[in-house]
Amino acid sequence: MSKRKGYYASKLKRATHMLFYRRHAKPGVKGWELRKALGADYPKVLNILDNYLKALDLQVKTIFEEEKTVEKPTLEQLDKARFYITLRGELTPKEAKMIGWRIDDLAGLAITIAYIISKKGKAPRKEVEELLRDKLLGWKVDINVDRYIRYGYLTQDENEQLYLDWRTRAEIDQKALIDLLLGTETKA
């Protein structure tokens, strides 16, 4: 093994450990943590890791602090971003059962996210809960909304407005979700 390959192999191993093992309440690693552990060329290491993960249908996802994806991020923006490993493709319905959520809880999350998107990124919690009560058991609605917040899919401000949070941006293709829901509605 050449000296350069050995250099990147050890950094790749370290990056993999940092990204796969959860150390904080939120999964993933901040860019500044990767820079501290891997050096200033950590974006290159992550690109190499992302190429390795393609064969496993996984990817290294970059979640910026701002809602929009940055085309050519600066090192400062990358340092503030969170890096997270997600699926590259989609789960089959059989695989979706293995993530530990009931299908009605996943449906409630999809309804909630679609509703917030339709309300231009924010919606009052009471409206979301009323919508979910039509579809889910009443006692589960409040528990599920709290769970969506706790897992990072939603965030709530002091006025009880719900917003999409970092995990929705990382794991859910919002355009595909809306297209799927609109396509389902026209077929019904």
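This section describes the surroundings of one helical leucine and a set of salt bridges in a predicted model.

Residue L12 is located in helix α1, which spans residues 3-20. With a relative accessibility of 13%, L12 is classed as buried, because the threshold for that class is under 20%. Once neighbours within four places in sequence are set aside, the contacts of L12 are with V45, I48, L49 and Y52. For one of these partners, V45, the C-alpha to C-alpha distance to L12 is 6.0 Å, although 33 residues separate the two in sequence.

Across the whole structure, 13 salt bridges are found. Among them is the pair formed by the side chains of D50 and R88, with an N to O distance of 2.9 Å. This pair connects distant parts of the chain, 38 residues apart: D50 belongs to helix α3 (residues 42-54), whereas R88 lies in the loop between β3 (82-87) and α5 (93-96). The two partners fall into separate accessibility classes. D50 has a relative accessible area of 17% and is buried, while R88, at 31% relative accessibility, is partly exposed.

A further salt bridge is formed between R125 and D142, whose closest N and O atoms are 2.7 Å apart. Because R125 is in helix α7 (residues 125-135) and D142 is in helix α8 (residues 138-150), this pair ties together parts that are 17 residues apart in sequence. As regards accessibility, R125 counts as buried at 8%, and D142 is partly exposed with a relative accessible area of 37%.

The salt bridge between the side chains of K175 and D179, by contrast, lies within a single helix; its N to O distance is 3.0 Å. Both residues belong to helix α10 (residues 174-187), and they are four residues apart, so about one helical turn separates K175 from D179. The relative accessibility of K175 is 59%, and this residue is therefore classed as exposed, since the cut-off for that class is over 50%. D179, at 41% relative accessibility, counts as partly exposed. Elsewhere, R102, D104, D105, K140 and R147 are joined into one network by salt bridges that share partners.

Definitions and conventions. Residues are numbered from 1 along each chain as its sequence is written. This is a predicted model: local features need pLDDT of at least 70, side-chain atom pairs count only at pLDDT 80 or more; totals for chains, interfaces and linings use all residues. Side-chain values use heavy atoms; hydrogens and water are left out. Helices (H or I, at least four residues) and strands (E, at least two) are DSSP runs, numbered from the N terminus. Buried means under 20% relative accessible area, exposed over 50%, partly exposed in between (1.4 Å probe, protein chains only). Contact means heavy atoms within 4.5 Å. A salt bridge is a side-chain nitrogen of Lys or Arg within 4 Å of a carboxyl oxygen of Asp or Glu.
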